[in-house]
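Here is a short round of questions and answers for a newcomer. Keep the sequence and the 3D view open as you read.

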Amino acid sequence: MQNTRIYTTAFASVYPHYIQKAEKKGRTKSEVHEIIFWLTGYDEKKLQEILENRTDFQTFFEQAPQINPNVSLIKGVICGYRVEDIEDELMRNIRYLDKLIDELAKGKKMDKILRES
């Protein structure tokens, strides 16, 4: 898995796709934000700065206030790879976010997505 181009891609260029994927399945932008905040520790104000500044994925995750300690509970396949087996930490974090957005679009309840039960 050597597609490191995503590392330098602006988070703001992928973000609308996360929103679109969720809304197409009847979910909301606020649920996408809840997932992002849960995963990274960012808040609404900081997310808006990231989007406005076109922060890349590498910086987005490197500067995250706190990657949620429960990310190890995220399991499964995304883009043909088992997320729990991805060795590169940055790629694993990107795929965690992809996986959580997929779960949202598939209709999972938020407490399950956020590994609360």
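Q: Which residues are exposed on the other side of helix 3, away from its buried residues?
A: This is a predicted model. A residue counts as exposed over 50% relative accessible area. On the side of helix 3 opposite its buried residues, three names fit that label: K45, E52 and N53.

Q: Which residues of helix 3 are buried?
A: Helix 3 spans residues 44-53. Buried means under 20% relative accessible area. The residues of helix 3 in that class are L47, I50 and L51.

Q: Why do the buried residues of helix 3 lie on the same side, and what arc do they cover?
A: An α-helix has 3.6 residues a turn, so residues three or four places apart point the same way. The buried residues of helix 3 are L47, I50 and L51. They sit on the same side of helix 3 because the arc they cover around the axis is only 95 degrees.

Q: Which helices do the buried residues of helix 3 pack against?
A: Contact here means heavy atoms within 4.5 Å. Three helices meet the buried residues of helix 3. They are helix 1 (11-24), helix 2 (29-40) and helix 4 (57-62).

Q: How are helix 2 and helix 3 oriented to each other?
A: Their axes are 11 Å apart, and the packing angle is about 95 degrees. Angles of 65 to 115 degrees count as roughly perpendicular. Helix 2 and helix 3 are therefore roughly perpendicular.

Q: Which residues make the contact of helix 2 with helix 3?
A: The residues of this contact divide into three nonpolar, two polar and one charged. Helix 2 brings H33, I36 and F37. From helix 3 come E44, L47 and Q48.

Q: At the start of helix 3, which backbone nitrogen does a side-chain oxygen of D43 reach?
A: Look at the start of helix 3. A side-chain oxygen of D43 comes to within 3.3 Å of its partner there. That partner is the backbone nitrogen of K45.

Q: Which residue follows helix 3, and what is its phi?
A: Helix 3 is followed by R54. The phi of R54 is positive, near 55 degrees.

Q: Is L51 buried or exposed?
A: L51 is found in helix 3. Leaving aside neighbours within four places in sequence, L51 is in contact with F11, A12 and Y15. Its relative accessibility is 14%, and the cut-off for burial is 20%. L51 therefore counts as buried.

Q: Is E31 buried or exposed?
A: E31 lies in helix 2. Beyond its neighbours within four places in sequence, E31 is in contact with L104 and M110. The relative accessible area of E31 is 17%, so E31 is buried.

Q: Which residues does V14 touch, not counting residues up to four places away in sequence?
A: V14 lies in helix 1. At 18% relative accessibility, V14 counts as buried. V14 touches I6, T9 and F57.

Q: Which backbone oxygen does the side chain of Y42 reach?
A: Y42 lies in the loop between helix 2 and helix 3. At 5% relative accessibility, Y42 counts as buried. Leaving aside neighbours within four places in sequence, its contacts include F37, I50 and T59. At 2.5 Å, the side chain of Y42 reaches the backbone oxygen of F60.

Methods:
Residues are numbered from 1 along each chain as its sequence is written. This is a predicted model: local features need pLDDT of at least 70, side-chain atom pairs count only at pLDDT 80 or more; totals for chains, interfaces and linings use all residues. Side-chain values use heavy atoms; hydrogens and water are left out. Buried means under 20% relative accessible area, exposed over 50%, partly exposed in between (1.4 Å probe, protein chains only). Helices (H or I, at least four residues) and strands (E, at least two) are DSSP runs, numbered from the N terminus. The arc is that of the directions from the helix axis to the C-beta atoms. A polar contact is a pair of N or O atoms within 3.5 Å; within protein, one must be able to donate a hydrogen and the other to accept it, and residues adjacent in sequence count only if both atoms are side-chain atoms. Axes are lines fitted to C-alpha atoms, for helices over the stretch in contact, and angles run from 0 to 180 degrees between N-to-C directions. Angles under 35 degrees count as roughly parallel, over 145 as roughly antiparallel, 65 to 115 as roughly perpendicular and the rest as oblique. Ala, Val, Leu, Ile, Met, Phe, Trp, Tyr, Cys and Pro count as nonpolar, Asp, Glu, Lys and Arg as charged, and the others, Gly among them, as polar.
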